[in-house]
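Let's take a walk through this model, picking up one thread and seeing where it leads. Have a look at the fold before reading on.

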Amino acid sequence: MPVDQKSWEAAVRHLYEDAYPYDATGPRRHEDWILDVLALMARVPDPRGWAGLDDAAQNPEREASPTYPFVAHPPEYIARRLQEIDRDSAENLLLALTDDRCTLSNLRRFTEGEDELRAMARTILARYGDGAGYHTNINMPGHVRGTLDFTSSSWAYNPLSVYSEDCGLIVVSDTEVGMFWNFADY
């Protein structure tokens, strides 16, 4: 399903406008896509010029650390903290990232029904094509390897930022790398 700029930007804006997000896409330039994730954390521009969301963009902390709120880690550190997940889990994760606590109960705050919200998540993922890979720092193991179980009450994550909670999804295609992240401090 091809996606246009207007639809993609509208889906990103609607789903994450009330979160504290970093939602952006950068070019895929390396076989080791973790290097592209590092560039994306440092705010490499979107290769298509599409608008994402970056609530920390104007934060004064960025002067000392261009990757803020992400901590500047070496590629090996980040790679060890990510796990690959399937497309269905990626879709659910996009919906869970709409607010704190990384849970699908976040969908209650929307006036739209679940089907319409899922269509928005599919619109976001469509940009990267059917062959994309999905990775997360969330640990909610499902019954099948590579899946997340959002019905589980116990979950963990591997933080990559200065915040007490950061949860996210990385989408990797042959040409682009997308990051959808939400931050919270408790």
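Where is aspartate 46 found? Look in the loop between helix 2 (34-41) and strand 2 (53-54). Keep in mind as you go that this is a predicted model.

Although aspartate 46 belongs to a loop, this residue is buried, because its relative accessible area of 15% falls under the 20% cut-off. Its side chain reaches the backbone nitrogen of arginine 48 at 2.7 Å. Once you set aside the neighbours within four places in sequence, aspartate 46 is in contact with Thr25 and Arg127. Both arginines turn up again when you follow the charges: Asp46, Arg48, Arg127 and Glu176 are linked in a network of salt bridges.

Let's stay with that network for a moment. Glutamate 176 and arginine 48 meet through their side chains in a salt bridge, 3.0 Å from N to O. This pair links distant parts of the chain, with glutamate 176 in strand 8 (residues 176-184) and arginine 48 in the loop between helix 2 and strand 2, 128 residues apart. The two ends sit in unlike surroundings: glutamate 176 is buried at a relative accessible area of 3%, whereas arginine 48 counts as partly exposed at 37%.

How many salt bridges does the structure hold? There are nine. Another one of them joins the side chains of arginine 109 and aspartate 18, again at 3.0 Å, N to O. Here two loops are brought together: arginine 109 is in the one between helix 5 (87-96) and helix 6 (114-126), and aspartate 18 is in the one between helix 1 (5-16) and strand 1 (21-27), with 91 residues separating the pair. Arginine 109 is partly exposed, since its relative accessible area is 30% and buried means under 20%.

Next, a salt bridge between helices. The side chains of glutamate 91 and arginine 122 meet at 3.2 Å, N to O. Glutamate 91 belongs to helix 5 and arginine 122 to helix 6, 31 residues apart. Glutamate 91 is buried, with a relative accessible area of 10%, while arginine 122 is partly exposed at 34%. Glutamate 91 has plenty of company in being covered, as eight of the ten residues of helix 5 are buried. Among them are Ser89, Asn92, Leu93 and Leu94.

Helix 6 has a distant sequence partner to look at too. Alanine 10, found in helix 1, is 114 residues from isoleucine 124 along the chain, yet their C-alpha atoms are separated by 9.5 Å. Alanine 10 is partly exposed, with a relative accessible area of 34%.

Now back to strand 8, where glutamate 176 sits. Which residues point one way from strand 8, and which the other way? Glu176, Gly178, Phe180, Asn182 and Ala184 take one direction, Val177, Met179, Trp181 and Phe183 take the other, and all are buried. That makes nine of nine residues covered.

Strand 8 has strand partners to go with that. Strand 1 runs antiparallel to strand 8 and is joined to it by seven bridges. If you want a spot to check, find aspartate 23, whose bridge partner in strand 8 is phenylalanine 180. Strand 7 (residues 165-172) also pairs with strand 8 in the antiparallel sense, over eight bridges. There, valine 171 stands opposite glycine 178. Strand 7 and strand 8 form a hairpin, with three residues between them.

Aspartate 23 leads to the last stop, the largest pocket. About 150 Å³ of space lies in this pocket. Its lining comprises 14 residues, and Tyr22, Asp23, Ala24, Thr25 and Gly52 are the ones that lie nearest the centre. Strand 1 and strand 2 are the elements that give two or more residues to the lining. The largest share, four residues, comes from strand 1.

That closes the loop with the opening residue. Thr25, one of the residues nearest the centre of the largest pocket, is also in contact with aspartate 46. Asp23 is likewise listed nearest the centre, and aspartate 23 has its bridge partner in strand 8. Glutamate 176 of strand 8 is linked with Asp46 in the network of salt bridges.

Key
Residues numbered from 1 in each chain as written. Predicted model: local features only at pLDDT ≥ 70, side-chain atom pairs only at ≥ 80, totals over all residues. Heavy atoms only, no water. Buried < 20%, exposed > 50% of the residue type's maximum accessible area, 1.4 Å probe, protein only. Polar contact = N/O pair within 3.5 Å; in protein donor to acceptor, adjacent residues only side chain to side chain. Contact = heavy atoms within 4.5 Å. Salt bridge = Lys/Arg side-chain N within 4 Å of Asp/Glu carboxyl O. Pairing = 2+ DSSP bridges. 1 Å grid on protein atoms, 1.4 Å probe; cavity = no way out; pocket = protein on both sides within 12 Å on 5 of 7 lines; lining within 4 Å. Points joined across faces, edges and corners; volume = space filled by probe spheres on them.
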